[in-house]
Amino acid sequence: MKKINSLQLTSMIIMVIISATFGKGFYTLVKSSGVDAWIGVIISAVIGFSLMFLFLYIFNYEPDLPLPEKNKKLFGKTFGTIINYLIAIIIFITSVSLFYDLIGFISSQFLSETPILFIGLMFVFVIIYINVKGIEVISRTSFILLIISLISFLIGGIGLLNNFELSNIKPFLEFGIQPPIKGSIYILMLNIMPTILFLIVPKNTLVDNKKINAYVTVGYIISMILIFLTVILIIGNLGIDLTKIYLYPEYIALKRINIFNFLDRIENIIVIQWIFCLIINISLSVYFMTNTIKKNNNKLIVYIITFLILLASNVVFKNTTLYNAYVYNIAIYFKYLLLFIIILISIKIKIDRMKKSKEN
Amino acid sequence: MKNKILVLLVIFLFTGCYNYREINSLSITTAIGIDKKDDNYLLTIQVVNTQKVGSDTNSTGEQSKFITYETKGETIQEALRKIVLESPRRLYINHLQLIVIGEDLAKEGISQIFDFFMRNPEARKQSQIIVAKESKAEDVLKILTPLETISSKNIVDSISSDSKYLGVSENNTFEYQVKTYLNDRQDIVMSTVKVVGSVDKGENTESLKDVSSDAKVVLQGLAVFKKDKLVGYLTEDESMSANLVNKKVKDTLVNIECGKNKYITIELMKPKVDISPIQDKLQMKIKVNGNGNIKEIDCDYDLNDIKVIQEIEKKTEEKIKQNINSVLNKTINEYKTDIFGFADTIYKSNPKYYKTIKDEWYSKNLENLQIDTKVDFTLKGKGNIITVIPDEEN
Amino acid sequence: MLNNIEEIVRKLKKDTKDSDDIIYREKYIGRKKIYIIYNEPLTSSDKISDFVIRSLNKIKSITGLGLYGKIKNSISNFKVTEIEDYQDLCFYLHKGFTILLIENETKAIALETKANLNRSISPSTTEDTVRGAKDSFVEDIQTNLGLIKKRIKTNDLWIDKMNIGKYTDTSIGILYINGIVKEDLVNEVKKRLSKINISGVINSGVIKNLIVDEKVKFPTAQTTERPDVVSDALLQGKIAIVVDNSPYVIIIPALLQDFFKTMEDEYGKDTNVSFTRILKFLAFMISIMTPAIYISLVTYNQEMIPTDLLVSFAVQRDGVPFPAFVEALMLIISFEILRESDLRTPTTTGSALSIVGALILGDAAVNAGIVSQIMIIIVAITSISSLPFTELEFINTLRIYRLLFMVGAVFMGMIGVVVVFIIFIIRICSIESFGKPYLMPLVPINLSGLKNSLIKLPAKLLTRRPEYLSNNTIKQRSTDDEE
């Protein structure tokens, strides 16, 4: 009896796609593409359509089943379970690094003396709370948080637009088209690939499931526009040299906002949108993982998984140098694996459908 | 629900308020002055004095509104921490407004200062950074000023209003200077201040009571850097022209001579400056477009004659061009720095060509750069009266 | 079976401990004995002598077994009920009916002779109206039902009656408009009401607490004293529960947006109404978050305040012995004490008095050096912002969350406030009032509902009822040229 709106599902998708832009997404993009990062975003937006098409294709197949069940049906029980667990492990690794992003940011900018474990404990509580309530609460919350994020993004965008200098993003394509393509692959893998999370919701539990295709496409376009605006405004404001040396340029750029000489120093309020996006992403990942392991929301598994995330992010990433190296070099191979799995699933669906139409 | 609130409270207790700091436990730093003495950094720190003078909030007590500390250390961070040996409060530089660099330190190189303030997450990057001309930073910070309660705010505000109305200083934040410095293709300029008058007298509160105090802090022309070392100063007129070319001027004044020791003062309002390189050549074109009003006129001209107006316009254009050329001459030929970012402009419009001239930029190409200045000035108004008030010649 | 009337009278006397309040009057018609029993405090003696005794006196002839039928026909009383057993006899006796026990008859007659123990209809003391009707409910269920039926004159207004309470046997009426309301809502309400097993119902609030979800701190049902509010709610598709002996009627379901609306909205222009509602929403946010934001600004995130303000704060807080959180807590507690005591004072103008009192007390405390001036302002803003709401329960909920926000601010500064804010939103999103999500029409989004929730669009555009309350979405307002 879980009824979600397709609008809420779209809001979850938007927040998931934007969330990786903070921290690791932006860092890899700027490091690989430099000044032409915004071209990289446009390229990835265009290529990403095919990815979203694949997702929707899988989504529309067997609308009663969530993704784990679909895999079991397509590949048989054992192989399907293996694939399910593979996907779950990759998502687990992604959410560990996202969690580290979140906690690292708060610890370095706001609460520098509090032990990282305690800050993590706070967020673990929030994530457990929202997961225990179920998918409806996650989707409703994400809708409201999306509205608040959009409003704060608007204020931030206007503030940054004041100080935008076109000369900061010149020269165009100094090193050719290679760097933007490399950057676009990063965005494709890190930002758009986590959209696999929304496949956990069976299509038929949506209230108005006829419109979902249109909504998802529009949501994807909106989130790509938001990422594009973010990238171009930040680089246009700070200049490429400053962007490369700062640890969190997205946050530092907001410090320059000065609207009417009155709304000064509001960077703390505007950066809240990133925290919202990251929390929704991690919550949805935990939901995905619990539903992969057991069909109904089992509280114990939620607790275990979230605490595992907390411990892993503390143990694995000892300092930011290791983390940056991981994100730039290693993380993308996991995502390649995920892409391979997605393509595999879609091909199998296509084969199954052809078989069925041959039988009929 | 009860369980959840309990769990939440327990978790909160764990976090234990590690970062809790009451306002009264902070030393709110508004200005830092940095000097160098025998390989040690000498820091002068200006902190707001938040002690209440009795319980009467309207009292104009004899206490000064800020306290100055002096510390010494091998690095800047060490010197800052040593404040705790003198003051009971924790240093808080998040409201920093002003960084003053002593002249000797500026000549040695300021990259260390950049590194420290950028790395510290608490330092405010929108503060001003200035050089103390022919003075030490500690002298600048020790002067009290009657108009503002915090003397650093006085300097910051005067820089800001000066850049709006006169154009001698420039209102650039610390972050902007770092950005310019990291960009190899442009050199930094900074506003300067100078202590005028005797230093010792300025430290007492007694000097507040006289209307024109003895020791003052006055804004001077710009300081020119090459990479991170100070190489020289510009005069006030040259600073105005430099700011003009750098597109940082809102309103400024131009004096043109119309007779022997007789001047016309023209106000140049919101000039539009366009610097464009010629493709694939070592040539730049500077175009200045502006209009303005006559503010004060000493010669006896007939201002209703269109020819006179045109002549005044022409003379203004020549004077502006002359000023720009003199500042270009001084910075490029004498100091050998590129404060206008010509290299940057060439790079941004034509990166391939820039690669060929990049290596010899400072040695050869900067001096060979041909700069064409063109000024286009229109006189819009003459003020409230349309003729000149003559002086009695008899 | 009521054949032996002497025995019944004896039993009744024994059960009520021979109470003086129950009057037993014997009368003979012919040779048959009739007992007239009534409960004196609950009945009006005028009615008994006028209708009952006089009618009985007119019966002269007896034709044997027809006495019962003759009495039943000739009593000029409007409500005549036949009783068959002892339980019903007691039931009607305690409701103010007069019982006629006829010898050797299997049934007895109960006649309605209730006394009017109510106050007259007077303006409401807790909910003020500026331009609306000023009558409000009284303590008698029949009068209350009358006030509602006076406004909704249709056959479709259905009333289901129940009696709840072992000792109080309180009548409860469930009102809804057939054709507008949703069936499952009615069934849900009836199901929950039938589960109640309680010794006594004193007030409608008791029933309200028993049928809503206890764990939720937000109010999920509205109580009101005004019949125009109830009629408007019924027209929207809600259910009203009228409880005897209580002037407060329960309206179900209540969503978050209902606490920001008042009846005045119907009478005013749309832009003014939208402005007022947005103002109330801002007051809601300010009232919950202001002390927390102040504490986090002053103790953790001093970089967010302009420098001059920071210096002024520092000068004010110099010499104050308590940390910011303790100060805030002390002042909020003392303000809440003042507010509670103000509720108990007899005059309603006491609220202005107590605010002034708080400010004066605050000023004295500042001069003594116990608190700082800025804290007084913060607490005053907080408390005044919680006053625009009419529902008392809602203001009490604000208190709880305000405290939670303050705790978050003390431990983790701005991030603590953000975390508690997310928890707050999760909490609101998960509340359901009788099956309807609390945050309708925002989440899940419902366009027709949005037209009249936070902002109010002009009346010409508000033509349909929101679908979450009613399946009947036929145009409810239109002018002739649009038909």
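Chain C meets chain A through 20 of its own residues, set against 23 residues of chain A. The chain C side of this contact is made of 16 nonpolar, 3 polar and 1 charged residues. The model is predicted. It scores ipTM 0.93 and pTM 0.89.

Chain B also touches chain A. Here 18 residues of chain B contact 20 residues of chain A. Three helices of chain B, H1 (2-15), H7 (174-182) and H11 (342-349), each supply at least two residues to the chain B side. H1(B) gives the most, with 6 residues. By class, the chain B side holds 10 nonpolar, 4 polar and 4 charged residues.

The class counts for these sides, and for one domain side inside chain B, are listed below.

| Side | Nonpolar | Polar | Charged |
|---|---|---|---|
| Chain C, touching chain A | 16 residues | 3 residues | 1 residue |
| Chain B, touching chain A | 10 residues | 4 residues | 4 residues |
| Domain 1 of chain B, touching domain 2 of chain B | 8 residues | 6 residues | 5 residues |

**Chain B**

Chain B has 394 residues, and 37% of them are buried. Its secondary structure comprises 13 helices and 13 strands. Take the contacts in chain B between residues at least 6 apart in sequence: 71% of them join residues at least 24 apart.

The domain assignment splits chain B in two. Domain 1 covers 24-53 + 61-233, and domain 2 covers 236-394. Their C-alpha centres lie 31 Å apart. The contact takes 19 residues from domain 1 of chain B and 23 residues from domain 2 of chain B. On the domain 1 side, helix H6 (151-165), strand S8 (216-226) and strand S9 (229-233) of chain B give two or more residues each. S8(B) provides the largest share of that side, 5 residues. The domain 1 side divides into 8 nonpolar, 6 polar and 5 charged residues.

**Chain C**

How is chain C divided into domains? Domain 1 spans 5-112, domain 2 spans 141-254 and domain 3 spans 266-437. Taken over C-alpha atoms, the centres of domain 1 of chain C and domain 3 of chain C are separated by 63 Å. The mean pLDDT of chain C is 82, and 93% of its residues reach 70 or more.

**Chain A: a helix crossing**

Two packed helices are described by the angle between their axes and the distance between the axes. In chain A, helix H1 (residues 6-19) and helix H7 (residues 135-162) have axes that come within 8 Å and cross at roughly 65°. The crossing of H1(A) past H7(A) is left-handed. From H1(A), the contact uses Leu7(A), Gln8(A), Leu9(A), Ser11(A), Met12(A), Ile14(A) and Met15(A). From H7(A), it uses Ser139(A), Arg140(A), Ser142(A), Phe143(A) and Leu146(A). By class, this contact has 7 nonpolar, 4 polar and 1 charged residues.

**Chain A: Met289**

Met289(A) sits in helix H13 (residues 272-293) of chain A. Is Met289(A) buried or exposed? Met289(A) counts as buried because it has 27 C-beta neighbours inside 10 Å, and the cut-off for buried is 20 or more. Leaving out residues up to four places away in sequence, Met289(A) touches Ala88(A), Ile91(A), Phe92(A) and Ile305(A). Ser357(A) is 68 residues from Met289(A) in sequence, and the two are 34 Å apart in space, C-alpha to C-alpha.

Definitions and conventions. Residues numbered from 1 in each chain as written. Chains lettered and ligands numbered in written order. Predicted model: local features only at pLDDT ≥ 70, side-chain atom pairs only at ≥ 80, totals over all residues. Axes fitted to C-alpha atoms, helices over the stretch in contact; angles between N-to-C directions. Helix = DSSP H or I, 4+ residues; strand = E, 2+ residues; numbered from the N terminus. Left-handed = near helix turned anticlockwise from the far one by under 90°. Contact = placed C-beta atoms within 7 Å. Nonpolar A, V, L, I, M, F, W, Y, C, P; charged D, E, K, R; others polar. Domains from an automatic or database assignment. Buried ≥ 20, exposed ≤ 12 C-beta atoms within 10 Å, placed from the backbone. pLDDT = per-residue confidence, 0-100.
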